[in-house]
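Me: I am new to reading protein structures and would like to practise on one. Could you go through it with me, one question at a time?

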Amino acid sequence: MRNSVPELRAAAGLTQADLARQLDVSRQTVISIERGRYDPSLPLAFRIARLFGRTIEEVFHVDD
């Protein structure tokens, strides 16, 4: 699954550590999500999308 987290985070002026604190996860989790090595749980995906004012579908994209 691809995602737009790095672009959205940068546009919001957040560091990976800032985003991790706001989501109550580790920085390593944010790094893994951004690199596509970890697919977040549905509740975490909702929190990420809500934080950026987007829908889950706008943040996470299924690989075709």
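What follows is a set of questions and replies about this predicted model.

Me: Happy to start with the outline! In what order do the helices and strands run from the N terminus on?

Reply: Begin by counting the elements: the protein has five helices and two strands. Reading from the N terminus on, the order of these elements is β-α-α-α-α-α-β.

Me: What radius of gyration does the protein have, and what would a compact globule have?

Reply: The C-alpha trace spans about 30 × 20 × 20 Å along its principal axes. For 64 residues, a compact globule would have a radius of gyration near 11 Å. The value for the protein agrees with that, because it is 10 Å.

Me: What share of the residues counts as buried?

Reply: Let's look at the outside before the inside. The accessible surface comes to about 4100 Å², and carbon and sulfur atoms hold 50% of it. As for the 64 residues, the share that counts as buried is 38%.

Me: Now the inside! Which helix gives the most to the largest nonpolar core?

Reply: A general idea helps here: nonpolar side chains tend to be buried together in soluble globular proteins. The largest nonpolar core has 16 residues, and among those touching the most other members are Val 5, Leu 19, Ile 33 and Phe 52. At least two residues of this core come from each of α1, α2, α3, α4 and α5. The helix that gives the most, with four residues, is α4.

Me: Which residues does Leu 19 touch, not counting those up to four places away in sequence?

Reply: Leu 19 belongs to the group of core residues that touch the most other members. With residues up to four places away in sequence set aside, the residues that Leu 19 touches are Val 5, Arg 9, Leu 14, Val 30, Leu 51 and Phe 52.

Me: What share of the contacts with a separation of 6 or more comes from residues 24 or more positions apart?

Reply: One pair shows what a long separation looks like: Arg 9 and Glu 34 are 25 residues apart, and Glu 34 is in contact with Arg 9. Among contacts with a separation of 6 or more, the share from residues 24 or more positions apart is 52%.

Me: How many salt bridges does the structure hold?

Reply: In general, side chains of opposite charge can pair when their charged atoms come close. One such salt bridge joins the side chains of Arg 9 and Glu 34, at 2.5 Å from N to O. Another is formed by Arg 21 with Asp 18, where the closest N and O atoms are 2.7 Å apart. The number of salt bridges in the structure is two.

Me: Is Glu 34 buried or exposed?

Reply: Glu 34 sits in helix α3, and with its neighbours within four places left aside, its contacts include Asn 3, Val 5 and Pro 6. The relative accessible area of Glu 34 is 14%. The cut-off for buried is under 20%, so Glu 34 is buried.

Me: Why does Arg 21 count as exposed?

Reply: Arg 21 lies in helix α2, three residues from Asp 18, which is about one turn of the helix. Asp 18 is partly exposed, with a relative accessible area of 22%. A residue counts as exposed when its value is over 50%. Arg 21 is exposed because its relative accessible area is 58%.

Me: Which side chain does a polar contact of 2.9 Å join to that of Ser 4?

Reply: Ser 4 is in the loop between β1 and α1, and it is buried, with a relative accessible area of 18%. Beyond its neighbours within four places in sequence, Ser 4 is in contact with Glu 58, Val 59 and His 61. The polar contact of 2.9 Å joins the side chain of Ser 4 to that of His 61.

Me: One last puzzle: what is the phi of Asp 24?

Reply: Asp 24 lies in the loop between α2 and α3. This residue is exposed, with a relative accessible area of 70%. Although Asp 24 is not a glycine, its phi is positive, at about 60°.

Notes. Residues numbered from 1 in each chain as written. Predicted model: local features only at pLDDT ≥ 70, side-chain atom pairs only at ≥ 80, totals over all residues. Heavy atoms only, no water. Core = buried A, V, L, I, M, F, W, Y, C linked by side-chain atoms within 4.5 Å. Buried < 20%, exposed > 50% of the residue type's maximum accessible area, 1.4 Å probe, protein only. Contact = heavy atoms within 4.5 Å. Salt bridge = Lys/Arg side-chain N within 4 Å of Asp/Glu carboxyl O. Polar contact = N/O pair within 3.5 Å; in protein donor to acceptor, adjacent residues only side chain to side chain. Rg over C-alpha atoms; globule rule 2.2 N^0.38 Å. Areas by Shrake-Rupley, 256 points an atom, 1.4 Å probe, with all protein chains shown as cover.
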